[in-house]
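Student: Hi! Could you walk me through a few residues here?
Tutor: Happy to, let's open it up.
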Amino acid sequence: TSSDLIVLAGDTLDAKFHASSDRITILLDLFDYITPMIASRNKKLRIIYGTQSHDGYPQLQILNPYMSRMDMKIIPHVTEEVVGNTTILYIPEEIISDKHEYYKDTLYSGKKYDYIFGHGVILEGMPMVKESKTKMRSTPKLKVGELRDAVKYYALFGHYHENWIDKNVGYIGSISLFRHGENKPKGWYLIDGKSL
């Protein structure tokens with residue numbers, strides 16, 4: 001494909017792993033396969049931290065050796081990036097006390113990003129999750145309107161396993177049928193400019 005940027009939207013791993021895990025062998029085999037393709041075509045790979053129990057430190061550090069072989073970054077904290085003329089905000093799932101304070105220079109700054117890629121709870125897409133009124137350290141619960149206010153084209157997240165899109169904000173869904181009796185179509189998105 002001619003994509004300039006490939007984003008994995010969190011939960012790259014499924015659980016805490018052991019060095020002998022079959023899942024790690026599969027992940028490393030995948031990276032051995034894709035690294036030459038990404039590097040030879042000058043593409044960028046971004047991996048957003050997902051749920052702590054899945055991608056939490058030091059889980060994804062197993063991929064560090066690939067960073068010297070291609071333009072790859074693991075995104076553990078909210079980060080802005082410009083790729084060509086495209087502005088991107090990455091929002092990994094972090095444990096924070098106050099989302100408005102934590103994202104004051106990014107999501108709530110009044111800036112408009114071309115794209116937002118993240119991992120975590122979008123309340124309208126996960127109706128089983130309720131917004132808490134108490135101030136305690138937890139993962140943020142975002143609303144469609146908050147993301148829509150800060151994005152020009154698309155805000156796409158990982159976390160919820162089903163595909164769910166409200167116009168230009170939503171969940172990509174998991175890439176494969178792996179757990180939880182999921183039987184809905186799976187896959188990925190290719191964004192071509194403004195089109196999904």
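Tutor: One term to begin with: contact means heavy atoms within 4.5 Å. This is a predicted model, where local features need pLDDT of at least 70, side-chain atom pairs count only at pLDDT 80 or more, and totals for chains, interfaces and linings use all residues. Residues are numbered from 1 along each chain as its sequence is written, and side-chain values use heavy atoms, with hydrogens and water left out.
Student: Cool. Which residues is K73 in contact with, leaving aside neighbours within four places in sequence?
Tutor: L45, R46, I47 and E81. K73 itself sits in strand β3, residues 71–75 (strands are DSSP runs of E, at least two residues, and helices are runs of H or I, at least four, numbered from the N terminus).
Student: And E81, buried or exposed?
Tutor: E81 is buried, because its relative accessible area is 13%; buried means under 20%, exposed over 50% and partly exposed in between, with a 1.4 Å probe and protein chains only. K73, at 40%, is partly exposed.
Student: What joins the side chains of E81 and R46?
Tutor: A polar contact of 2.8 Å. That term is a pair of N or O atoms within 3.5 Å; within protein, one must be able to donate a hydrogen and the other to accept it, and residues adjacent in sequence count only if both atoms are side-chain atoms.
Student: New topic: what's the phi of N42?
Tutor: About 55 degrees, positive although N42 is not a glycine. N42 lies in the loop between α1 (22–40) and β2 (44–48), and is exposed at 67%.
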